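Dear colleague,

Please find the structure below, together with its sequence. My notes on it follow, and I would be grateful if you could read them with the coordinates open.

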Amino acid sequence: MEDVAPELLKMIRADFDRAIEQSPVLKSVEEKILKGTASYVEANQYAIEIGKILANAYKNNISSEVLPDGKMYYNIANSIIIPTMKNNYELVSKVSAQIQKVLNDNAGIGINAIQPEMNMDRAEGIVNRVSDAENYDDVSWILQEPIVNFSQSIVDAFIKKNSEFQGKAGMSPKIVRKLTGGCCEWCSRLAGTYIYPDVPDDVYRRHQRCRCTIEYDPGTGKRQNVYTKEWHRQENDDIINVRKILGLFANNVQIKGVSDHVIVRMNERKVDVADIIDAIENPLSITPIKIDEKGRKSFKQIGERATVAINPETGVLTTVHKTHTRLVKKLKGEGS
């Protein structure tokens, strides 16, 4: 069977790039960023436009007629959808980071934007759904509005990540959710202004075709000691717990240190010390040593709940992240 994925991916990217160049919406947002007047309203506009452009590129190039047996097999879906959704994530993240920097500067906050990770579970869920159907045309809608919704969710995640970070640092960020058009009862209940930490998670969620805007006001940038103390206390607790890792052996390398980056990532990615210890002591897999562009060596130990990277020369644990569910199943022989 001929692999149609490379040619389809090429055509989708070509359509996408042409539409990007011609979009007045994207140009308008970029101009506002340069002028320092952009807000998360513009980030949401950018995300919707990027999502629509990718959805149209899918629609223009993918159908049962061009797929083998009319089916979007998993390998085809994975080769096409994951890289193009990652590209959307990168584009929307870049614009969101620029806008967050504008808001921080205007509020006198001298920190960079905090970037959330891409929601790979969501992307992989889309791949699984389109590849489960016997006929692609029956599920082609999954590559339409859900792609726009995914792009919007990147902006929402940016707002959540940065408001939580600044809130824990002692500031008083505000989240404002506004209705757009004829909204449903669920959205109507969520509309309003929230001040950290009293921000329910539902504020950042949206159903299909939801165009409500979520805006972020970092406030004055002034710190509140009560929150600052609480945050530093949590940070100190993490440092104390991380000491339990020191002296353990991973792939015959003794853990002699843990980078500050790991402490930050543990909080951001909600990884516990117990998860790290499990990855060190009971790895599902150990990757070969790799050397990055700066000449630094590292190997990874993949655990059931966390994956850690370790420098074999220094014994320093350099980064950590959660292990994807699909990878765990594959390594445990429960499916590809």
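**A nonpolar patch at the surface**

L331 has a relative accessibility of 33% and therefore counts as partly exposed. This leucine belongs to helix 11, which covers residues 325–331. Together with L284 and L327, L331 forms a nonpolar patch on the surface, and the three residues have about 190 Å² of accessible area together. Please bear in mind throughout that this is a predicted model.

**The chain as a whole**

The chain has 11 helices and 11 strands. Its radius of gyration is 22 Å, close to the 20 Å that the globule rule gives for 336 residues, so the chain is as compact as a globular protein of that length. The C-alpha trace spans about 60 × 55 × 40 Å along the principal axes. Of the 336 residues in the chain, 44% are buried.

**A negative patch on the first two helices**

A second surface patch is of another kind: D17, E21, E30 and E31 form a negative patch. Helix 1 (5–22) and helix 2 (24–35) each contribute at least two residues to this negative patch. D17 has its place in helix 1. With a relative accessibility of 45%, D17 counts as partly exposed because the value falls between the 20% limit for buried and the 50% limit for exposed residues.

**Salt bridges**

Side chains of opposite charge can pair when their charged atoms come close. The structure holds 14 salt bridges, and I describe some of them here.

Helix 1 also contains a salt bridge between R18 and D15. The closest N and O atoms of R18 and D15 are 2.3 Å apart. Both residues lie in helix 1, three residues apart, which is about one turn of the helix. Are the two partners buried or exposed? R18, at 47% relative accessibility, counts as partly exposed, whereas D15 is buried, with a relative accessible area of 18%.

Another salt bridge joins the side chains of K160 and D201, at 3.2 Å from N to O. K160 lies in helix 6 (residues 145–168) and D201 in the loop between strand 2 (192–195) and strand 3 (213–217), so the pair ties together parts that are 41 residues apart in sequence. K160 counts as partly exposed at 26% relative accessibility. D201 is likewise partly exposed, with a relative accessible area of 38%.

Strand 3 takes part in a further pair, that of K178 and E215. K178 forms a salt bridge with E215 in which the closest N and O atoms are 3.4 Å apart. Since K178 lies in strand 1 (residues 174–178) and E215 in strand 3, the pair ties together parts that are 37 residues apart in sequence. The relative accessibility of K178 is 41%, and K178 therefore counts as partly exposed.

Finally on this topic, E145, R209 and R211 are linked in a network of salt bridges.

**Backbone angles between strands 4 and 5**

Which residues in the loop between strand 4 (249–250) and strand 5 (253–254) have a positive phi? One is N251, with a positive phi of about 55° although it is not a glycine. N251 lies in the loop between these two strands. N252 also lies in this loop, and N252 has a positive phi of about 70° although it, too, is not a glycine. As for accessibility, N251 counts as partly exposed at 37%, while N252 is exposed, with a relative accessible area of 75%.

**A pair of positions in space**

L246 is found in the loop between helix 8 (225–242) and strand 4. At 39% relative accessibility, L246 counts as partly exposed. L246 and E334 are 88 residues apart in sequence, and their C-alpha atoms are 33 Å apart in space.

When you go through the model, you may wish to start with the two surface patches, the negative one formed by D17, E21, E30 and E31 and the nonpolar one formed by L284, L327 and L331. The salt bridges that tie together separate parts of the sequence, including K160 with D201 and K178 with E215, could then be viewed in turn.

With kind regards

Key. Residues are numbered from 1 along each chain as its sequence is written. This is a predicted model: local features need pLDDT of at least 70, side-chain atom pairs count only at pLDDT 80 or more; totals for chains, interfaces and linings use all residues. Side-chain values use heavy atoms; hydrogens and water are left out. Patches are made of residues with over 30% relative accessible area and no salt bridge: like charges are joined within 9 Å, nonpolar side chains (Val, Leu, Ile, Met, Phe, Trp, Tyr) within 5 Å. Accessible areas come from the Shrake-Rupley method with a 1.4 Å probe; for residues, only the protein chains shown count as cover. A salt bridge is a side-chain nitrogen of Lys or Arg within 4 Å of a carboxyl oxygen of Asp or Glu. Lys and Arg count as positive and Asp and Glu as negative; His and the chain ends are not counted. The place of a charge is taken as NZ of Lys, CZ of Arg, CG of Asp or CD of Glu. Helices (H or I, at least four residues) and strands (E, at least two) are DSSP runs, numbered from the N terminus. Buried means under 20% relative accessible area, exposed over 50%, partly exposed in between (1.4 Å probe, protein chains only). The radius of gyration is taken over C-alpha atoms; the globule rule is 2.2 Å times the number of residues to the power 0.38.
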